[in-house]
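Here is a walk through one protein chain, written for someone who likes to know which cut-off sits behind each word. Have a look at the model first.

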Amino acid sequence: STGVYGFRGQDADEHDPHPPETENGKGLIAMERQLMDGLRVSVTVVRMAGLIGPERHPGRFLSGRGGRAGRKEIRGSGEEPVNLIHLEDAVGVLCALINQPEITGIFNACTREHPSRKTFYTRASEELGFDPPVFADRAPRPWKRIVSEKIRRATGYKFVYDDPVDAFKDM
């Protein structure tokens, strides 16, 4: 999971230290280290971004959070970048790694494009006929933008959905 990276308002790739801030992220890093250091075999870790695709339409993620009476507003300004991967690409990068067992290490898997949360989730809501989300703050929340160039170079995999907005046409 890309939850291993902290929210420091910067790009996050596999080579830079981005210490996790959540207990979940700290646990994931500890598990990665145990696997990488504790096994006597080659290990490949894939840090997946947020999953979208069939049965996971992003228009449902923020549904019912439009800021009207009784609805909860969403923290942040909406200007924060999204970090997502379509199911087809998640399976695709895993297959590319399985078919090239000589490739090991840690890899991020995420779309190359990172529209703002406001742009992306407004469009996702509209696709399903829902009210768009309302963001509560003027300033953006702490954010990170996941970089996944390493897996592209290592495997040669070409993402089907390198812009998460493109995925709407097939959901």
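Is Cys110 buried or exposed? Cys110 is buried, with a relative accessible area of 0%. "Buried" here means under 20% relative accessible area, "exposed" means over 50%, and "partly exposed" is in between, using a 1.4 Å probe and protein chains only.

## Ground rules

This is a predicted model, so local features need pLDDT of at least 70 and side-chain atom pairs count only at pLDDT 80 or more, while totals for chains, interfaces and linings use all residues. Residues are numbered from 1 along each chain as its sequence is written, and side-chain values use heavy atoms, with hydrogens and water left out.

## The two cysteines

The structure holds zero disulfides, a disulfide being a pair of cysteine sulfur atoms within 2.5 Å. In general terms, that would be a covalent bond between the sulfur atoms of two cysteines.

Start from Cys110: the closest cysteine sulfur is in Cys95, 19 Å away, which is too far for a bond. The surroundings of Cys95 can be described too: Cys95 is partly exposed, at a relative accessible area of 36%.

## The overall fold

How many helices and strands does the protein chain have? There are four helices and six strands, and along the sequence they follow the pattern β-α-β-β-β-α-β-α-β-α. The radius of gyration is 17 Å, close to the 16 Å that the globule rule gives for 171 residues, so the chain is as compact as a globular protein of that length. For the record, that radius is taken over C-alpha atoms, and the rule is 2.2 Å times the number of residues to the power 0.38. Helices (H or I, at least four residues) and strands (E, at least two) are DSSP runs, numbered from the N terminus.

Along its principal axes, the C-alpha trace spans about 55 × 35 × 25 Å. Buried residues make up 45% of the 171 residues. Take the contacts (heavy atoms within 4.5 Å) between residues at least 6 apart in sequence: 81% of them join residues at least 24 apart.

## Surface and charge

The protein chain exposes about 9,500 Å², with carbon and sulfur atoms supplying 50% of that. These areas come from the Shrake-Rupley method with a 1.4 Å probe; for residues, only the protein chains shown count as cover.

On the charge side, there are 25 positive and 25 negative side chains, and the centres of the two sets lie 4 Å apart. Lys and Arg count as positive and Asp and Glu as negative, with His and the chain ends not counted. Each charge is placed at NZ of Lys, CZ of Arg, CG of Asp or CD of Glu.

## Around β3, β4 and α2

His86 is found in strand β4 and counts as buried at 5% relative accessibility. Which residues does His86 touch, not counting those up to four places away in sequence? They are Leu51, Ile52, Gly53, Pro54, Tyr161 and Ala167. Leu87 lies in helix α2 (residues 87-98) and is partly exposed at 36% relative accessibility. With the same sequence neighbours set aside, Leu87 touches Leu51, Ile52 and Pro54. Leu87 and Tyr161 are 74 residues apart in sequence, yet 9.6 Å apart in space, C-alpha to C-alpha.

The loop between β3 and β4 holds Gly53, and it also holds Glu55. Gly53 is buried at a relative accessible area of 2%, whereas Glu55 is exposed at 78%. Leaving aside neighbours within four places in sequence, Gly53 is in contact with His86 and Met171. The C-alpha atoms of Gly53 and Asp89 are separated by 9.7 Å, with their positions 36 residues apart along the chain. The backbone of Glu55 deserves a look as well: its phi is near 70°, a positive value in a residue other than glycine. Most residues other than glycine have a negative phi.

## Helix α3 and a far-off partner

In helix α3 (residues 117-127), Arg117, Phe120, Tyr121, Thr122, Ala124 and Ser125 are buried. The cover over these buried residues includes β3 (50-52) and β4 (84-86). Just after α3, Gly129 takes a positive phi of about 80°.

For contrast, pick Gln34 in helix α1 (residues 23-38). Gln34 is exposed, with a relative accessible area of 62%. The C-alpha atoms of Gln34 and Phe120 are separated by 36 Å, and the two residues are 86 apart along the chain.
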